[in-house]
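Subject: The two-chain model for you to look at

Hi,

Here is the model I promised to pass on. Have a look at it first, and then read my notes below.

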Amino acid sequence: MDEDRVIICRCEEVTLKRVRELLDKGLHTMDEIKRISRCGMGPCQGKTCRPLLAQEIANYLGIDVGSVALPTFRPPTKPVKLGVIARGDECD
Amino acid sequence: MRETEIAVVGAGPAGLCAALAAASCGAAVTLIDREERPGGQLVKQTHKFFGSERQDAGTRGIDIGRRLSERAMSHPGIRTMLECTALGYYADGVLCLEQNERFIKLKVKRMIVATGASERMLAFPNNDLPGIYGAGAVQTLMNVHGVRPGDRVLMVGAGNIGLIVSYQLAQAGVKVAAVVEALPKIGGYAVHASKIRRLGIPILTSHSVKEAHGKEVLEGVTVWRLDPGWRGIPGTEMRFDVDVMCLAVGLSPLTELLWQAGCEMKYVAELGGHVATRDDNLETTVKGIFVAGDASGVEEASSAMVGGRLAGYAAAASLGYCPDFETKKKQALWELAELRAGPTGEKIRKGLAALRGEAC
């Protein structure tokens with residue numbers, strides 16, 4: 001399979017090849033892979049790639065996908081312009 | 001800061017029913033949805049529902065959605081905020097929202113998370129070519145926006161979504177080349193599968209996508225047969241020249257707010273991924289936060305409506321409304337058990353048992 005043509009994270013264009021390289025380097029958690037590759041940090045905030053990456057890690061380590069730890073979920077759930085937050089709530 | 005007694009995040013079948021139930025008891029409800037109109041996925045479900053009469057069997061999903069939306073929008077106890085996204089939930093009970101580029105803080109006493117689910121993707125070569133869609137996205141394109149996605153489609157997944165969307169594509173005059181299913185058997189209801197087969201559309205079980213082809217856009221898909229270990233068998237490849245591929249390979253619950261709130265989450269494959277553990281009232285391990293619908297475990301719209309109603313009554317009861325809560329709860333639990341009875345409910349029963357830590 002041409003791993004370079006398999007997209008895991010569409011938003012950040014992270015390929016399966018890149019993920020497997022990182023796994024081979026010893027990065028075995030979603031958090032580590034996210035920090036190095038930005039996988040899951042794009043506009044959709046991982047909605048598309050999270051299950052794919054978890055499955056890839058599970059396959060690599062030979063573990064159940066349910067035991068792959070997910071990265072921490074933090075606000076905001078979607079990208080927001082800084083100005084929106086900087087203006088604050090007009091009711092305050 | 002704005003305040004509300006009960007915030008319901010998501011105005012799909014679960015959220016609408018939750019909001020209506022809570023408001024009918026007298027609670028002040030704020031119903032929040034990202035889209036410009038309420039209804040969630042009901043807005044595109046042109047097929048008639050099953051179940052019993054109580055759950056609107058025989059009525060089309062769009063009509064159920066319209067009716068619930070009208071009731072919610074005109075209810076004096078429900079404030080509806082549309083084109084409004086929940087950005088984050090904080091431990092002091094503040095829900096942060098974004099609406100038309102405005103930042104809004106909402107202090108909530110209770111929150112019902114009815115955020116639904118997102119479509120799953122598959123990893124295969126060229127899976128980023130334009131023309132590869134989620135099946136639900138194609139259903140929205142056709143039934144809400146009136147746009148044909150293309151001329152020839154390959155459907156991946158023979159669950160109910162894959163089967164129903166295949167049929168609706170055919171109704172719209174789009175050629176469906178085949179339905180491909182990785183499992184050895186069709187997952188959706190036989191009545192939907194039979195409609196597909198009568199149209200002469202082949203359903204290939206134990207098959208999956210090997211790769212997609214195309215330069216700028218999708219031009220074709222190669223599928224192959226899978227062995228019992230889910231590996232493709234070389235020599236069994238079949239190529240379909242299609243300009244659209246729909247992926248109907250399952251949904252993942254949208255649970256960000258529950259994670260942020262610190263709810264205990266558990267991975268249950270039968271429910272679509274990580275879901276919140278909860279009690280009979282659909283209250284999570286964080287007091288005052290409830291779940292309903294696909295966000296609490298991927299199921300279908302009828303049970304989402306009943307679950308939403310239960311969560312709505314429970315949230316209202318926890319604030320001192322709804323004096324006859326126990327009766328209403330009993331009724332809802334009975335309806336859920338009925339909807340989940342029989343062979344079609346086996347997967348969900350197994351998933352819920354696993355979530356409770358029981359063997360089924």
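Before the helices, one definition: two residues are in contact if their C-beta atoms, placed from the backbone, lie within 7 Å. Please also keep in mind that this is a predicted model.

Let me begin with chain A. The buried residues of helix 2 (residues 30-37) of chain A are Met30(A), Ile33(A), Lys34(A) and Ser37(A). Those residues sit on the same side of helix 2 of chain A, because they cover an arc of only 100° around the axis. The general rule behind this is that an α-helix has 3.6 residues a turn, so residues three or four places apart point the same way. What covers the buried residues of helix 2 of chain A? The cover includes strand 2 (14-15), helix 1 (16-24) and helix 3 (49-61) of chain A. Right after helix 2 of chain A comes Arg38(A), which has a positive phi, near 70°.

Helix 1 of chain A can be read in a similar manner. Its buried residues are Leu16(A), Arg18(A) and Val19(A). They fall within an arc of 160° when seen down the axis of helix 1 of chain A, so they line one face of the helix. Strand 1 (7-9), strand 2, helix 2 and helix 3 of chain A are included in what covers them. Just after helix 1 of chain A, Gly26(A) has a positive phi of about 100°.

Now to where the chains meet. Chain B brings 29 residues into contact with 28 residues of chain A. On the chain B side, at least two residues each come from strand 4 (84-90), strand 5 (94-99), strand 6 (102-113), helix 6 (256-261) and strand 18 (273-276) of chain B. Strand 4 of chain B supplies the largest share, 4 residues. Sorted by class, the side of chain B that touches chain A has 13 nonpolar, 9 polar and 7 charged residues.

Next, the interior. The largest nonpolar core has 73 residues, and those with the most contacts inside it are Val8(B), Ala18(B), Ala19(B), Ala22(B) and Ile112(B). Helix 7 (residues 301-318) of chain B gives the most to this core, with 11 residues. Leaving aside neighbours within four places in sequence, Ile112(B) is in contact with residues including Ile6(B), Val8(B), Ala18(B), Phe290(B) and Ala311(B). There is also a second, separate core of 58 residues, which includes Val68(A), Ile201(B), Leu218(B) and Val242(B).

Helix 7 of chain B also packs against another helix. Its axis and that of helix 1 (residues 13-24) of chain B come within 7 Å and cross at roughly 35°. The crossing of these two helices of chain B is right-handed. Among the residues making the contact are Gly15(B), Ala18(B) and Ala22(B) of helix 1 of chain B and Gly308(B), Ala311(B) and Ala315(B) of helix 7 of chain B. By class, this contact has 16 nonpolar, 4 polar and 1 charged residues.

One last residue to click on is Asn160(B), found in helix 4 (residues 160-171) of chain B. Is Asn160(B) buried or exposed? Asn160(B) counts as buried because 20 other C-beta atoms lie within 10 Å, and the cut-off for buried is 20 or more. Not counting residues up to four places away in sequence, Asn160(B) touches Gly188(B), Tyr189(B) and His192(B). Asn160(B) and Tyr189(B) are 29 residues apart in sequence, yet 6.4 Å apart in space, C-alpha to C-alpha.

Best wishes

How values were computed
Residues are numbered from 1 along each chain as its sequence is written. Chains are lettered from A and ligands numbered from 1 in the order in which they are written. This is a predicted model: local features need pLDDT of at least 70, side-chain atom pairs count only at pLDDT 80 or more; totals for chains, interfaces and linings use all residues. Ala, Val, Leu, Ile, Met, Phe, Trp, Tyr, Cys and Pro count as nonpolar, Asp, Glu, Lys and Arg as charged, and the others, Gly among them, as polar. A nonpolar core is a set of buried Ala, Val, Leu, Ile, Met, Phe, Trp, Tyr and Cys residues joined through C-beta atoms within 7 Å. A residue is buried if 20 or more other C-beta atoms lie within 10 Å of its own, exposed if 12 or fewer, and partly exposed in between; C-beta atoms are placed from the backbone. The arc is that of the directions from the helix axis to the C-beta atoms. Axes are lines fitted to C-alpha atoms, for helices over the stretch in contact, and angles run from 0 to 180 degrees between N-to-C directions. A crossing is left-handed if the near helix is turned anticlockwise from the far one by less than a right angle, and right-handed if clockwise.
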